[in-house]
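Work through the exercises below with the structure open beside the text. Each task is followed by a solution in steps.

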Amino acid sequence: MVEFHATTICAVKRGDDVCIGGDGQVTMGETAIMKNGAKKVKKIYKNTVVSGFAGSVADAFSLTEKFESKLDEHGGNLKKASVALAQLWRSDKAARNLEALMIVADKKDLLVISGNGEVIEPDQPFVAIGSGGNYAYAAANALYNNTDLDAESIVRKSLEIAASICVYTNNNISIEKL
């Protein structure tokens, strides 16, 4: 089976700004870039929530739709919708096989949702996932804690740093801001 390496997603909250960004590369196997400009971040729920995903693109689109449905069910409450999605993802026979990670954020909360039923609120107001997630996280940590850069600048620079190190991450960066 051919493995697709997806993307790098980074999210930062600083002051009133919440930004999430991702690169655009989709890689098949170890050697083939299938797409350079995939967009894996978007605003949802009346433009009050930003989301980004890493993993299988088709699975992530399915999860984003399910998450939007959970936001509707819970009146836009990010934490309740995230827990509901994680429960569905873990317990539903079809959803259980979806391979992706999601970062979701609103003005109040920043969360990572996994298919293992986990909803993780990071200790710091930044997080990164995906192929270059560790590189982007390290960069965001350094930039957040040692500069006065705004959230959008930290996301962009962190993804650029990840792209300079990770072969599954490129410089075709999309950013959404609340």
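**Exercise 1.** In what order do the strands of the open sheet of four strands lie, and is the pairing parallel or antiparallel?

Solution. The model is a predicted one.
- Step 1: The order is β11-β2-β3-β12, and the pairing is antiparallel.
- Step 2: β11 (126-130) and β12 (174-177) are the edge strands, each with pairing on one side only.
- Step 3: On average, neighbouring strands of this sheet are turned by 10° against each other, with direction ignored.
- Step 4: Strand β2 (residues 8-14) runs antiparallel to strand β3 (residues 17-22), and six bridges join them. Within this pair, Arg14 has Asp17 of β3 as its bridge partner.

**Exercise 2.** Find which strands of that sheet α3 touches, and which strands α4 lies across.

Solution.
- Step 1: α3 packs on the sheet of β11-β2-β3-β12, where it touches β2 and β11. The direction of α3 makes about 165° with that of β11.
- Step 2: α4 lies across β2, β3 and β12. Relative to β2, α4 runs at about 155°.

**Exercise 3.** Describe how α3 and α4 pack against each other, and decide which orientation class their angle falls in.

Solution.
- Step 1: The helices are α3 (residues 133-146) and α4 (residues 151-165); their axes are 8 Å apart and the packing angle is about 140°.
- Step 2: An angle over 145 degrees would count as roughly antiparallel, and 65 to 115 as roughly perpendicular. The two helices are therefore oblique to each other.
- Step 3: The crossing of α3 and α4 is right-handed.
- Step 4: From α3, the contact is made by Tyr135, Ala136, Ala139, Ala140, Leu143 and Tyr144. From α4, the contributors are Ile154, Lys157, Ser158, Ile161, Ala162 and Ile165.
- Step 5: Sorted by class, this contact of α3 with α4 has 10 nonpolar residues, one polar and one charged.

**Exercise 4.** Give the strand order of the open sheet of five strands, and locate the helix α2 that lies across part of it.

Solution.
- Step 1: The order is β6-β7-β8-β9-β10, with antiparallel pairing.
- Step 2: The edges are β6 (41-44) and β10 (119-120), each of which pairs on one side only.
- Step 3: Inside the sheet, strand β8 (residues 100-105) pairs with strand β9 (residues 110-114) in the antiparallel sense over five bridges. One of the partnerships is that of Val104 with Leu111 in β9.
- Step 4: Helix α2 (residues 78-91) lies across β7 (49-55), β8, β9 and β10, and runs at about 10° to β9.

**Exercise 5.** Which residue in the hairpin of β4 and β5 takes a positive phi?

Solution.
- Step 1: Strand β4 (residues 26-28) and strand β5 (residues 32-35) pair in the antiparallel sense over three bridges. Thr27 has Ile33 of β5 as its bridge partner.
- Step 2: Three residues lie between the strands, and Gly29 takes a positive phi near 65°.

**Exercise 6.** How many helices and strands does the chain have, and how does its radius of gyration stand against the globule rule?

Solution.
- Step 1: The chain has four helices and 12 strands.
- Step 2: The radius of gyration is 15 Å, close to the 16 Å that the globule rule gives for 178 residues, so the chain is as compact as a globular protein of that length.
- Step 3: Along the principal axes, the C-alpha atoms fill a box of roughly 45 × 40 × 25 Å.

How values were computed
Residues are numbered from 1 along each chain as its sequence is written. This is a predicted model: local features need pLDDT of at least 70, side-chain atom pairs count only at pLDDT 80 or more; totals for chains, interfaces and linings use all residues. Side-chain values use heavy atoms; hydrogens and water are left out. Axes are lines fitted to C-alpha atoms, for helices over the stretch in contact, and angles run from 0 to 180 degrees between N-to-C directions. Angles under 35 degrees count as roughly parallel, over 145 as roughly antiparallel, 65 to 115 as roughly perpendicular and the rest as oblique. A crossing is left-handed if the near helix is turned anticlockwise from the far one by less than a right angle, and right-handed if clockwise. Contact means heavy atoms within 4.5 Å. Ala, Val, Leu, Ile, Met, Phe, Trp, Tyr, Cys and Pro count as nonpolar, Asp, Glu, Lys and Arg as charged, and the others, Gly among them, as polar. Two strands pair if DSSP finds at least two bridges between them. The radius of gyration is taken over C-alpha atoms; the globule rule is 2.2 Å times the number of residues to the power 0.38.
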